[in-house]
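Reader: I'm new to this one and would like a close look at a single part. Could you walk me through the aromatic side chains, and then show me what else holds distant stretches of chain together?

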Amino acid sequence: MYVVRAKWKKCAWIFSAAFLLGLLPAALRAQVSAPATCSGGLELKLSAPESAQGTLLHVELSNSAGFTEVQGEWAGKEVPFWLDATDPKIRRSLLGVDLEQPPGSGKLVVTAKRENGESASCTADVKITAGHFVVEKLAVDEKFVQPNPEDQKRAEQETKRLHEIYAGRTPEKYWNGAFRFPVAGPRQGTNFGSRRVFNGVARPPHSGLDIHAGTGTPVHASQRGKVALAGNLYYAGNAVLLDHGQGVYTFYCHLSKINVKEGDMVDAGGLLGLVGATGRVTGPHLHWGLEVNEARVNPLQILPAVPARKKSGAAKKIPQ
Ligand SMILES: [Zn+2]
């Protein structure tokens, strides 16, 4: 028997979810329900019926029938769920829309099982809209546009390693509470997803946010996590990749100094290193990235909402 749960109390769950997660991304402030079709007593809620490339949705699964194994699939990738901290009937997840996921319709499929083999499922259709990304024309050292064969091989091996890490789904949820902006001062950075042209050559879109900061500025962990990678990469320079668990990773690049090592557990706000200008850059800044279940998402999406700020100061030209 299929139960359509298209009507739900939008505000109640949004704010309870935001409270329990300790976050309410700015992009999720205006909420409407998303239709989902479920069997077996499950109920699925998404924070919005549509989402743009590079953004994030919250998912809540009500599992009052007591299924023990729950797993989702979205854009061909595994989507894990964590148990709500206070209500064992509720499981939650974050759904990332990759910055290059084609506009159109995306389908989230959630399956639930129990030991006796009984199963149930939910599906939700999410409209994917095109993101608005600028084109950046940048001048960098030619070796970062036409690397020699040795550097090319090194860069490819590093990219492979990063993909292998991102493909991991650490079942623990290491983070607790709100994610933070990684440097002191106001949130800034506008070039997530930009289509980039280096020395006249088109390159893949920019998968993070470039934050203007001087060399030596402390870089802090956005939330608690385990250091999955700490070292020098060809394009990213000195870099730290944090695994927050549940398929959520944040990436900090171009550092002048790294203060952590692989395997370390770092608390929210812990010192990861210092801003620098290593790797493919035009000047000192912090490149901050977010991947959620292998979807490249604007990291500002995972921060709590803040009151609208004056635009002054946000339009500063950022070295790449
Ligand atoms: Zn960058």
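Author: Here is a walk through the ring pairs, followed by the disulfide and the zinc site.

Keep in mind that this is a predicted model. Searching the whole structure turns up eight aromatic pairs. Let's start with Phe133 and Phe192, whose ring centres are 6.2 Å apart, with 70 degrees between the planes, an edge-to-face pair. Phe133 is in the loop between β11 and β12 (135-138), while Phe192 is in the loop between α2 (149-166) and β13 (195-198), so this pair ties together parts that are 59 residues apart in sequence. Phe192 has a relative accessible area of 6%, so Phe192 counts as buried.

Next come Phe144 and Tyr235. Their ring centres lie 6.3 Å apart and the planes meet at 50 degrees, so this pair is tilted. Phe144 belongs to the loop between β12 and α2, and Tyr235 to the loop between β17 (225-233) and β18 (237-245), so the two tie together parts that are 91 residues apart in sequence. How exposed are the two partners? Phe144 is buried, at 8% relative accessibility, whereas Tyr235 is partly exposed, with a relative accessible area of 28%.

Rings can also gather in a group: ring pairs link Trp82, Trp175 and Phe179 into a cluster. Trp175 has a charged companion too, as the charged end of Lys173 sits over the Trp175 ring, 4.7 Å from the centre. Elsewhere, Arg114 lies over the face of Phe67, 4.2 Å from the ring centre.

Now for the disulfide. The count comes to one, and the link runs from Cys38 to Cys122, with S to S at 2.0 Å. This link of Cys38 and Cys122 is right-handed, with 115 degrees about the S-S bond. Cys38 sits in strand β2 (residues 36-39) and Cys122 in strand β11 (residues 119-129), so the bond ties together parts that are 84 residues apart in sequence. Cys38 is buried at 1% relative accessibility, and Cys122 is buried at 1% as well. Another cysteine, Cys253, is buried with a relative accessible area of 2%.

Last stop, the zinc ion. Its protein donors are His206 (NE2), Asp210 (OD) and His287 (ND1), lying 2.1 Å from the ion. Along the sequence, these donor residues of the zinc ion follow the spacing H-x3-D-x76-H. As for accessibility, His206 is buried, with a relative accessible area of 4%, and Asp210 is buried too, at 1%.

Methods
Residues numbered from 1 in each chain as written. Predicted model: local features only at pLDDT ≥ 70, side-chain atom pairs only at ≥ 80, totals over all residues. Heavy atoms only, no water. Disulfide = S-S within 2.5 Å. Helix = DSSP H or I, 4+ residues; strand = E, 2+ residues; numbered from the N terminus. Buried < 20%, exposed > 50% of the residue type's maximum accessible area, 1.4 Å probe, protein only. Donors = N, O, S within 2.8 Å, 3.2 Å for Na, K, Ca; no water. Phe/Tyr/Trp six-rings, centres within 6.5 Å; stacked < 30°, edge-to-face > 60°. Lys NZ or Arg CZ within 6 Å of the ring centre and 35° of its normal.
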